[in-house]
Amino acid sequence: MQSAMFLAVQHDCGSMDKSSGSGPKSEEKREKMKRTLLKDWKTRLSYFLQHSSSPGKPKTGKKSKQQTFIKPSPEEAQLWSEAFDELLASKYGLAAFRAFLKSEFCEENIEFWLACEDFKKTKSPQKLSSKAKKIYTDFIEKEAPKEINIDFQTKTLIAQNIQEATSGCFTTAQKRVYSLMENNSYPRFLESEFYQDLCKKPQITSEPHAT
């Protein structure tokens, strides 16, 4: 399982290798970085296990503003493997997937997709225009802080479209990012130790009856 996760770290977003040279010292450095990433990955994802209530028992508290994720049952978690949309439709699943992408340094993909979903729901032309410019600045333009990996033609088309923003400004880019996540990150998430643990049914242990 660990070797699969190490490959996942390297696969699409392994920018850490760019600054590493060759030779025994460089190889040792890369292995150390991989071990650190694996530990960080487990820590981030286990957060959701530790800070989630049991299925059917949502936490309540008027004073608490922090969002609580309800841990899914094994049956609910297994539904996520049937379709990528099933995972995205679950608040817990989406949060866990975001943490997984963050561990792979690819969180900009899901953040862009979510920004597009919010953008499409916007009705006010004024807000539509301001949101379009922010999405372009954050994700599309060259050297954007969360620049996504799309082709030059699509970027150029978006730059033209946001001049008179419509709800379909980012449709092409969103579809490409969705496809990238569905075909790459999503299968790796399903193979992750964290997801496999969620799908495990709890062991039923019988306690001796008191006499």
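This report describes the fold of one protein chain, then one of its helices and several single residues.

**Overall fold**

The structure is a predicted model. Its secondary structure comprises 10 helices and 2 strands. In sequence order the elements follow the pattern α-α-β-β-α-α-α-α-α-α-α-α. The protein has 211 residues, of which 38% count as buried. Among contacts with a separation of 6 or more, 59% join residues 24 or more positions apart.

**Helix α9 and its packing against α5**

Helix α9 covers residues 171-191, which makes 21 residues. At 1.5 Å a residue, a helix of this number of residues should span 30 Å, and the C-alpha atoms at its ends are 29 Å apart, so the two values agree. The helix nevertheless has a bend of about 40°, located at Glu-182.

The buried residues of α9 are Ala-173, Gln-174, Val-177, Tyr-178, Met-181, Asn-184, Ser-185, Tyr-186, Arg-188, Phe-189 and Leu-190. A general point helps in reading such a list: an α-helix has 3.6 residues a turn, so residues three or four places apart point the same way.

Helix α5, formed by residues 91-103, packs with α9 at an angle of about 100°, and the two axes are 10 Å apart. Angles of 65 to 115 degrees count as roughly perpendicular, and α5 and α9 are therefore roughly perpendicular to each other. On the α5 side the contact involves Ala-96, Phe-97, Phe-100 and Leu-101. These residues meet Met-181, Ser-185, Tyr-186, Arg-188 and Phe-189 of α9. By class, the contact of α5 with α9 has 7 nonpolar, 1 polar and 1 charged residues. Met-181, Ser-185, Tyr-186, Arg-188 and Phe-189 also appear among the buried residues of α9.

**Helix α8**

Helix α8 spans residues 152-161 and includes Thr-156. Ile-158 is placed in helix α8 as well. Ile-158 has a relative accessible area of 2%; the limit for buried is under 20%, so Ile-158 is buried. Leaving aside neighbours within four places in sequence, Ile-158 is in contact with Tyr-136, Ile-140, Ile-150, Cys-169, Phe-170 and Ala-173. One of these partners, Phe-170, lies 12 residues from Ile-158 along the chain, and their C-alpha atoms are separated by 6.6 Å. Another partner, Ala-173, is listed among the buried residues of α9.

Thr-156 has a relative accessibility of 30% and therefore counts as partly exposed. Thr-156 and Ile-140 are 16 residues apart in sequence, with a C-alpha to C-alpha distance of 9.4 Å.

**Two loop residues with positive phi**

Phe-105 is found in the loop between α5 and α6, the latter being residues 107-120. Phi of Phe-105 is near 60°, a positive value in a residue other than glycine. Glu-143 belongs to the loop between α7, residues 125-140, and α8. Glu-143 has a positive phi of about 60°, although this residue is not a glycine.

**Accessibility of the single residues**

The table gathers the relative accessibility of the residues discussed above.

| Residue | Relative accessibility | Class |
|---|---|---|
| Phe-105 | 46% relative accessibility | partly exposed |
| Glu-143 | 69% relative accessible area | exposed |
| Thr-156 | 30% relative accessibility | partly exposed |
| Ile-158 | 2% relative accessible area | buried |

Of the two loop residues, Phe-105 counts as partly exposed, whereas Glu-143 is exposed. In helix α8, Thr-156 counts as partly exposed, whereas Ile-158 is buried.

Key. Residues numbered from 1 in each chain as written. Predicted model: local features only at pLDDT ≥ 70, side-chain atom pairs only at ≥ 80, totals over all residues. Heavy atoms only, no water. Helix = DSSP H or I, 4+ residues; strand = E, 2+ residues; numbered from the N terminus. Expected span 1.5 Å × (residues − 1). Bend = angle between axes of the 7 residues up to and from the residue. Buried < 20%, exposed > 50% of the residue type's maximum accessible area, 1.4 Å probe, protein only. Axes fitted to C-alpha atoms, helices over the stretch in contact; angles between N-to-C directions. Parallel < 35°, antiparallel > 145°, perpendicular 65-115°, else oblique. Contact = heavy atoms within 4.5 Å. Nonpolar A, V, L, I, M, F, W, Y, C, P; charged D, E, K, R; others polar.
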